[in-house]
Amino acid sequence: MVRLFLWGILILLFTASKGLAQHLQGIAPGNYAGTNSLYHNPAFVADSRYSVFGNLVGLNYYVGNNHVKWDAPYSFASFVTNSTGDQYRNDQGKLVFPRKYLDQKLNGNLKYLNTGLDVRLPSLMISLKKGKMGLGFNTRARTLLHLSQTTEPLAQLIRGSTQDTTLHKQMFRNQSGKLAANIFGEYSLTFGAVVYDAETDFLKFGVTVKRVIGLSQNHINIQKADYELVPDPAYGNLRYMTAVSSLDGDTRYTTDDGIRSSSLNPEWWLLGKSAPGSGWALDIGAVYEYRPNIQRYRNFSGPADSPRRDPSVNKYLYRIAASITDAGFLNFHNSYYNYAQSASNVAGNLDYGSFNPWRGFDNFYQALENNLGLPAAVPSKARTLMPMAFQASIDYRYTDNIFVNAMLVTPLTKARSGNMRQESLLSVVPRYEHRWFEISLPVSLMNHYRSLGIGLAGRAGPLWLGTDHLGGLFNIGKPKALSFYAGLSMGIYQRPLTDEIPCWPPKERFFRRLFRSR
């Protein structure tokens with residue numbers, strides 16, 4: 001039931017994104033990450049090293065699972081860039097990708113898959129009140145797909161299709177699984193401020209309010225399915241189809257017209273009334289800094305009771321950050337675009353010709369309705385939780401330019417709930433940091449803390465890019481997770497303080513001297 005839909009989504013994500021990571025742990029902890037740090041903790045908007053920072057565009061992609069491993073003779077990087085050798089192509093020059101290139105881990109356990117594409121659109125961050133406050137405005141679009149609680153034979157069918165000969169001549173009973181895919185945009189306002197400054201102890205607080213606009217939802221819940229793979233006489237018994245003898249479940253989806261309804265009309269993108277869905281979310285966070293050598297960064301030429309501190313440099317020995325992100329909901333409220341189906345002990349054949357070629361979501365769900373004898377889809381409203389998570393990090397400064405960061409991300413929505421879910425992460429990231437360039441080496445436990453990844457990330461001028469899983473990108477071992485991120489951004493740095501005593505009388509500015517009457 002879910003094979004063609006899932007592979008359609010996966011192909012879309014893999015080909016559109018050209019790869020990407022969920023948390024940017026190679027970039028986000030840095031003191032020059034700008035708006036990219038606000039997704040980890042909104043308090044970073046205050047006491048920034050930038051006076052003004054702007055993000056032009058960024059991409060961030062992650063995929064992880066516990067079922068298949070990349071086992072192709074070429075890397076995923078060469079796969080998505082279409083740079084594989086001729087020996088892996090057919091006579092027409094098309095790349096050959098047999099399903100055996102996705103090696104399976106068969107242990108009888110329930111299977112899951114998490115993948116997400118995050119497109120970071122133009123964003124702005126401004127420092128206020130000499131760094132004591134900060135303001136940020138961010139925009140982005142996100143696609144999240146979560147396959148969970150899926151029995152192993154059904155996961156084998158998704159991976160190998162009906163042509164997997166190891167699944168033929170068997171009756172599979174009591175199969176189940178959940179698929180949740182959501183596409184949405186958001187724009188957000190971030191405010192942060194220093195709330196406590198006692199020389200060595202420094203605390204700042206921040207909050208982000210997000211307006212979420214839902215573009216599409218696709219939820220498939222297979223509660224119980226009995227099926228077998230049988231030859232399809234329409235293709236001379238050369239192809240196989242899924243003969244379903246009993247199926248219980250339900251679906252929720254947004255029609256193709258809902259996706260095409262995107263508009264610059266404020267009722268669509270601002271109020272969300274005419275969009276398929278809308279909602280709100282909140283990020284809240286705090287950052288503590290321990291500054292034992294704060295005297296090094298003070299300017300003594302000002303008033304003795306209120307010396308200024310140099311805003312252009314980092315002052316902490318260690319920094320502790322904690323936040324709750326994406327606390328909120330997305331309500332697909334527009335029943336003109338959103339529909340639901342239900343199945344109770346239905347039966348029928350799911351054949352290749354009914355679903356291919358791909359002709360959109362409407363055709364997919366109509367084919368399910370026709371082939372399984374489902375009741376007609378009805379208009380519906382549905383609410384899903386945003387991928388709420390707890391995020392924490394500790395950043396230790398070894399020298400003025402060398403730092404070590406430890407980060408933890410744990411999801412706060414349950415896997416079996418069918419809601420959107422953040423990917424888990426535990427990482428240690430040493431980095432060399434300069435205002436004009438940066439390089440880091442993330443070492444991470446990703447994919448439900450099951451996949452060890454060693455990455456490489458960097459920043460040079462306006463360009464930032466990296467991966468948290470070099471093995472997944474360059475075919476080292478048999479990776480089950482992959483990430484990649486890149487983007488363009490720039491900022492105006494805070495001006496350093498000096499201890500110079502101003503000249504007297506003050507120097508006249510150039511234009512005042514030029515136009516001064518003589």
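Tyr339 is partly exposed in this predicted model, with a relative accessibility of 23%. The value does not fall under 20%, so Tyr339 does not count as buried. Tyr253, in contrast, is buried, at a relative accessible area of 7%.

A search of the whole structure finds 24 aromatic pairs. In one of them, Tyr253 and Tyr339 are stacked, with 6.2 Å from centre to centre and 25° between the planes. This pair connects distant parts of the chain: Tyr253 belongs to strand 8 (residues 240-254) and Tyr339 to strand 13 (residues 338-350), and the two residues are 86 apart. Another pair is formed by Tyr336 and Tyr337, whose ring centres lie 5.0 Å apart. Their planes stand at 75°, which is over 60 degrees, and therefore this pair is edge-to-face. Tyr336 is exposed, with a relative accessible area of 60%, whereas Tyr337 is buried, at 13%.

Tyr253 and Tyr339 also belong to one aromatic cluster, together with Phe355, Trp358, Phe361, Phe364 and Tyr365.

Aromatic rings also meet charged side chains in this model, as the following table shows for two arginines.

| Charged residue | Ring | Distance from charged end to ring centre |
|---|---|---|
| Arg239 | Tyr235 | 5.7 Å |
| Arg383 | Phe329 | 4.1 Å |

In each case the charged end sits over the ring.

The nonpolar cores come next. In soluble globular proteins, nonpolar side chains tend to be buried together. The largest nonpolar core here has 31 residues, and those with the most contacts inside it are Tyr227, Leu247, Tyr365, Leu368 and Leu372. Tyr365 is also a member of the aromatic cluster. Two or more residues of this core come from each of strand 5 (133-150), helix 3 (152-160), strand 6 (171-198), strand 7 (201-231), strand 8, strand 13 and helix 7 (361-372). Helix 7 contributes the most, with six residues. Another core, of 14 residues, lies apart from the largest one and includes Tyr61, Val63, Trp70 and Leu482.

The structure also contains enclosed empty space. Rolling a probe the size of a water molecule over the atoms shows where such space is left. A search of the whole structure finds seven cavities of 30 Å³ or more. The second largest has a volume of about 160 Å³. It is lined by 17 residues, of which Gly30, Asn31, Phe44, Ser48 and Lys204 are the closest to its centre. By character, the lining of this second largest cavity divides into seven nonpolar, five polar and five charged residues.

Technical notes. Residues numbered from 1 in each chain as written. Predicted model: local features only at pLDDT ≥ 70, side-chain atom pairs only at ≥ 80, totals over all residues. Heavy atoms only, no water. 1 Å grid on protein atoms, 1.4 Å probe; cavity = no way out; pocket = protein on both sides within 12 Å on 5 of 7 lines; lining within 4 Å. Points joined across faces, edges and corners; volume = space filled by probe spheres on them. Nonpolar A, V, L, I, M, F, W, Y, C, P; charged D, E, K, R; others polar. Phe/Tyr/Trp six-rings, centres within 6.5 Å; stacked < 30°, edge-to-face > 60°. Helix = DSSP H or I, 4+ residues; strand = E, 2+ residues; numbered from the N terminus. Buried < 20%, exposed > 50% of the residue type's maximum accessible area, 1.4 Å probe, protein only. Lys NZ or Arg CZ within 6 Å of the ring centre and 35° of its normal. Core = buried A, V, L, I, M, F, W, Y, C linked by side-chain atoms within 4.5 Å.
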